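User: Walk me through this model, and show me how each label is earned. I'd like cut-offs, please.

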Amino acid sequence: MKNEGIEGTERFLSPDRGRGLRAVRHFSVGELVFACPAYSYVLTVNERGAHCENCFSRRDDLFKCGKCKQAYYCNVDCQRGDWPMHKLECVAMCGYGENWCPSETVRLVARIIMKQRVTTERTPSERVLLLREFESLDGVASCFIILLNPSVRCLCLFVSFLLFFSVLPCFTCFFCLQVNCNGFTIEDEELSHLGSAVFPDVALMNHSCSPNVIVTYKGTVAEVRAVKEINPGEEIFNSYIDLLYPTEDRKERLLDSYFFTCQCTECTTKSKDKEKMEIRKLSSPPEPEEIKSMVRYAKNVIEEFRRAKHYKNILFSCELLEMCELSQEKMGAIFADTNVYMLHMMYQAMGVCLYMQDWDGAMSYGEKIIQPYSVHYPAYSLNVASMYLKLGRLYLGLEKKTQGVKALKKALAIMEVAHGEDHHYVAEVKREIEDQK
Ligand SMILES: [Zn+2]
Ligand SMILES: [Zn+2]
Ligand SMILES: [Zn+2]
C-alpha cells in the first residue's frame with residue numbers, strides 16, 4: 001500500500017508534544033474524521049461465545065471452533081479469517097484447557113509479532129503512523145519497570161515457548177510496554193470491555209482533557225468523529241483517560257501511564273475542578289488538610305477496588321458492595337454527593353448491582369449519578385451516553401416506560417454524534433424506543 005495519508009488531515013510536529021495529527025480542512029460536529037482498522041486485536045476471554053472472535057459481531061447464533069471448542073464465529077469465513085491468529089492459541093487451549101490463561105496484553109503482543117512476521121508492506125491501519133515507529137521509552141526506566149512486571153516475564157516465556165521462534169527478551173519487553181502505552185480497549189455502547197487492539201493511526205493523535213474527537217468502534221474498526229468544530233490548521237486531540245476527575249488526579253494518571261505532563265486548556269484553567277471536588281455544606285467547613293486526607297483515602301479505595309474487581313461470585317460481590325457503601329459513608333462526611341470520588345464509588349456500586357441482577361439498586365445509583373455526570377464530562381461523552389443507556393434499559397425492564405424512553409433519547413442524542421447516525425448501536429437504540437410505542 002502506498003502512503004497516501006488520511007484525507008483532510010496531516011501528520012505534523014506539534015509544539016511540545018512531538019508528532020501529532022492536524023486538520024487541513026474544516027470538520028463539523030459529528031463528522032467522521034477517519035476510520036482505522038485494527039492492526040491486531042484480541043477478543044477478551046469473558047466475551048467468548050457472545051461475540052465473534054474475528055469480526056466482534058454480537059449475536060446468539062455463533063458456532064464454535066471444532067478443535068478447542070472455545071472460540072466462536074459467525075460463519076466459516078470468519079473462522080478462516082481468524083485462523084492465522086487463533087492457531088497461536090488453539091493448540092494450547094486444547095492441551096491446557098482452563099489452566100492456560102496468559103494476560104490479554106500477552107495474547108495481543110503474540111498476535112502483533114505474528115502479524116509483523118507476515119507483513120512486509122504498510123497496512124491500512126498505518127496511513128500516518130507505522131507500528132514500528134511507536135515511541136521507545138527511556139532505556140533505564142523501562143528496564144526497571146520490566147523487572148517489576150510479572151506479565152512481561154510471562155510474555156517472554158510465552159512467546160519463546162509458544163511461538164517456537166527466538167526473540168530477544170528485551171525486544172519483547174519493550175514491545176509489551178509500548179503496547180500498554182499505545183494499545184486501545186474496544187468497548188461496546190455500555191462501555192463493557194470487549195477486547196484489546198492496536199490502531200497505529202489512532203495512536204498518532206495527542207491527548208487533551210478537552211478533546212475535539214471521540215473514538216468509537218464498529219466491530220474491530222476504530223472510528224474517529226469530531227465532537228467540536230475543527231478548523232483547518234487545528235490539532236486533532238483525543239482523550240487517553242477518563243475525564244471525570246479533577247486536574248491533579250488526571251495529571252497523575254497521565255504521568256503514570258503515558259509518561260507526560262498535560263498542558264491542555266482544561267489543565268491550565270482547571271475550570272471544572274471546583275464542581276468536581278464539591279464539599280458538603282456544613283456549619284463548620286472542613287480544613288484543607290482534612291480534604292486532602294480524604295482524597296488520599298478515596299484514591300486508595302479506588303485502587304483497592306480496581307484490584308479486587310473481578311466479581312467472582314455473589315458472596316464476593318456482596319463484600320464489594322459493602323466496601324462501596326462504607327467508603328461512601330466515610331467520604332460523605334466531607335464530600336457532597338456530586339463529588340467525583342462519591343460518584344466513582346456509586347458507579348462501582350451500580351456495576352455490582354447489575355452483576356447481581358439487583359435492578360432497583362442499580363437504577364437508584366444510576367439516578368444519582370446521571371445529573372452530576374452531565375455536568376462534569378464534556379458535552380459529548382461516551383460515559384454520559386452509556387449511563388443514559390444503562391438507565392433507560394433499566395427503566396424499561398422495570399416497566400417505567402416514559403422514563404425509559406426519555407433516557408434512551410438522551411443517549412441517542414450523544415451517540416448520533418459520537419458513533420454516527422448509521423452505527424448499528426444507534427439503530428438498536430432507535431428500535432428499543434420504537435418498540436415502546
Ligand atoms: Zn464474525
Ligand atoms: Zn480453536
Ligand atoms: Zn489536560
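Analyst: Let's start with touching: two residues are in contact if their C-beta atoms, placed from the backbone, lie within 7 Å. This is a predicted model, where local features need pLDDT of at least 70 and side-chain atom pairs count only at pLDDT 80 or more, while totals for chains, interfaces and linings use all residues. Residues are numbered from 1 along each chain as its sequence is written, with chains lettered from A and ligands numbered from 1 in the order in which they are written.

User: Then which residues does Tyr-39 touch, not counting residues up to four places away in sequence?

Analyst: Lys-115, Thr-123, Ser-125, Glu-126, Leu-131, Val-198, Phe-199 and Pro-200. Tyr-39 itself sits in the loop between strand S3 (32–37) and strand S4 (40–43). Its C-alpha is 8.1 Å from that of Pro-124, although the two are 85 residues apart along the chain. Strands here are DSSP runs of E, at least two residues long, and helices are runs of H or I, at least four long, both numbered from the N terminus.

User: Why is Tyr-39 called buried?

Analyst: The rule is 20 or more other C-beta atoms within 10 Å of a residue's own for buried, 12 or fewer for exposed, and partly exposed in between, with C-beta atoms placed from the backbone. Tyr-39 has 22, so it is buried.

User: What about the two phenylalanines, Phe-56 and Phe-259: buried or exposed?

Analyst: They split. Phe-56 has 23 C-beta neighbours inside 10 Å, so it counts as buried. Phe-259 has 12, so it counts as exposed. Phe-56 lies in the loop between S4 and strand S5 (63–64), with a positive phi near 65° in a residue other than glycine. Phe-259 is in the loop between helix H7 (247–258) and helix H8 (265–269), and its phi is also positive, about 60°, although it is not a glycine.

User: Why does the span of H13 agree with what it should be?

Analyst: The expected span is 1.5 Å times one less than the number of residues. For the 18 residues of H13 (359–376) that gives 26 Å, and the end C-alpha atoms are 25 Å apart, so the two agree. There is still a bend of about 30° at Ile-370, and Pro-372 follows within four residues. A bend is the angle between axes fitted to the seven residues ending at a residue and the seven starting there.

User: What makes helix H1 short of a straight helix?

Analyst: H1 (residues 76–96) has 21 residues, yet its end C-alpha atoms are only 25 Å apart, where a straight helix would reach 30 Å. H1 also bends by about 65° at Met-85. Met-85 is one of its buried residues, along with Gln-79, His-86 and Glu-89. Strand S6 (72–73) and helix H2 (104–118) are among what covers them. Just after H1, Gly-97 has a positive phi of about 55°.

User: Why is H14 called largely enclosed?

Analyst: Twelve of its 16 residues are buried, so the rest of the structure largely encloses it. Those buried residues pack against strand S10 (213–218), H13, helix H15 (401–418) and helix H16 (424–434). H14 reaches 22 Å from first C-alpha to last, close to the 22 Å expected.

User: What makes a group of residues a nonpolar core, and which residues have the most contacts inside the largest one?

Analyst: A core is a set of buried Ala, Val, Leu, Ile, Met, Phe, Trp, Tyr and Cys residues joined through C-beta atoms within 7 Å. The largest has 88 residues, and Phe-199, Ala-349, Ala-385 and Ala-411 have the most contacts inside it. H12 gives the most to this core, ten residues. Nonpolar side chains do tend to be buried together in soluble globular proteins.

User: How do you know that S1 and S2 pair?

Analyst: Pairing takes at least two bridges found by DSSP between the strands. Strand S1 (residues 9–14) and strand S2 (residues 18–23) have six, in the antiparallel sense, so they qualify. Arg-11, for instance, has Leu-21 in S2 as its bridge partner. The two strands form a hairpin with three residues between them, and Asp-16 in the turn has a positive phi of about 70°.
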